[in-house]
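Me: I am new to this structure and would like a formal, close look at one part of it. Please describe that part with its surroundings, and then place it beside other positions for comparison.

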Amino acid sequence: MNAQKRHEIFARLQAENPHPTTELNWHTPFELLAAVLLSAQATDVGVNKATASLFPVANTPQDIIDLGIDGLKTHIKTIGLYNTKAENLMKTCHQLVEQHNGEVPQTRPALEALPGVGRKTANVILNTAFGQPTMAVDTHIFRVANRTGIAKGKNVVEVEQKLLRHVPKDFLQDAHHWLILHGRYTCVARKPRCGSCIIEDLCDYKEKTEIA
């Protein structure tokens, strides 16, 4: 795929959704970090339901520490793997208070040093909370990037690096959200909805469907 096609793809995605963002509900960097930590193998709807209960009671690291592990679990028990997630979130809260004055750090190494935070989560926080042009490659982005030909790669790191290299700079800040949403609602895993896809004519996928 050439640079002109890539530019047109992101121009169309931008025209359709000028201000994309995560579907997780959050107001502070810590709320976003907590929500992302809770979101593994869970839906955003499910996480939002849990955080709607948790955040009015505790939405800072110290608040969650004061709430205690059992209290935390009562608010997030509707989410899968909630026991492990509660333990990781509590450990993260202690580390944030002890090492970062209760604030979410703005560098990748510091974020990835937090319990339960890997490269993808760090990229989400850096991009969405702090406005850094990072690319958090999840299953949706990995699929869309390979299927469309925007950035083909054998693993998430390779796709991430190619996207950072090939996505036009004007679109890099929001590209992560556009690709996730496109993969979640249009370029779905089993039967992509090519019939309603706004970039269908620019896409390299050879097995296009007529599904709308």
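Reply:
**Cys194 and its setting**

Leaving aside residues up to four places away in sequence, Cys194 touches Glu200, Lys208, Thr209 and Ile211. The model in which these contacts appear is a predicted one. Along the chain, Cys194 is placed in the segment that follows helix H11, a helix covering 172-185. Its relative accessible area is 11%, and because buried means under 20%, Cys194 falls into that class.

Cys194 also appears in a record. An unreviewed UniProt entry lists Cys187, Cys194, Cys197 and Cys203 under "binding site". These positions are spread over 17 residues of sequence, yet they cluster in space, with a largest C-alpha distance of 10.7 Å. Cys187, Cys194, Cys197 and Cys203 from this set are also part of the lining of the largest cavity.

Another member of the set, Cys197, can be described in a similar way. Cys197 is likewise found in the segment after H11. With a relative accessibility of 17%, Cys197 lies under the 20% limit and therefore counts as buried. When residues up to four places away in sequence are not counted, Cys197 touches His182 and Thr186.

Two positions outside this set may now be considered, beginning with Glu31. Glu31 belongs to helix H2, which comprises residues 29-38. Glu31 is buried but has no salt bridge; Arg184, the nearest side chain of opposite charge, is 17 Å away. Polar partners are nevertheless present. The side chain of Glu31 forms a polar contact of 3.0 Å with the side chain of Asn59. In addition, a polar atom of the Glu31 side chain lies 2.8 Å from the backbone nitrogen of His27. Asn59 appears again among the residues that Glu31 touches, together with Trp26 and Phe55, if those up to four places away in sequence are not counted.

The remaining position is Thr134, which lies in the loop between helix H8 (119-129) and helix H9 (139-148). Its relative accessibility is 9%, which is under 20%, so Thr134 is classed as buried. Setting aside residues up to four places away in sequence, Thr134 touches Arg108, Asn123, Leu126, Asn127, Leu164 and His176. A separation across the chain can be given as well: 124 residues of sequence lie between the positions of Thr134 and Phe10, while their C-alpha atoms are 16 Å apart in space.

Technical notes:
Residues numbered from 1 in each chain as written. Predicted model: local features only at pLDDT ≥ 70, side-chain atom pairs only at ≥ 80, totals over all residues. Heavy atoms only, no water. Helix = DSSP H or I, 4+ residues; strand = E, 2+ residues; numbered from the N terminus. Buried < 20%, exposed > 50% of the residue type's maximum accessible area, 1.4 Å probe, protein only. Lys, Arg positive; Asp, Glu negative; His and termini not counted. Salt bridge = Lys/Arg side-chain N within 4 Å of Asp/Glu carboxyl O. Polar contact = N/O pair within 3.5 Å; in protein donor to acceptor, adjacent residues only side chain to side chain. Contact = heavy atoms within 4.5 Å. UniProt positions renumbered as here; feature names shortened; annotations may be inferred. 1 Å grid on protein atoms, 1.4 Å probe; cavity = no way out; pocket = protein on both sides within 12 Å on 5 of 7 lines; lining within 4 Å.
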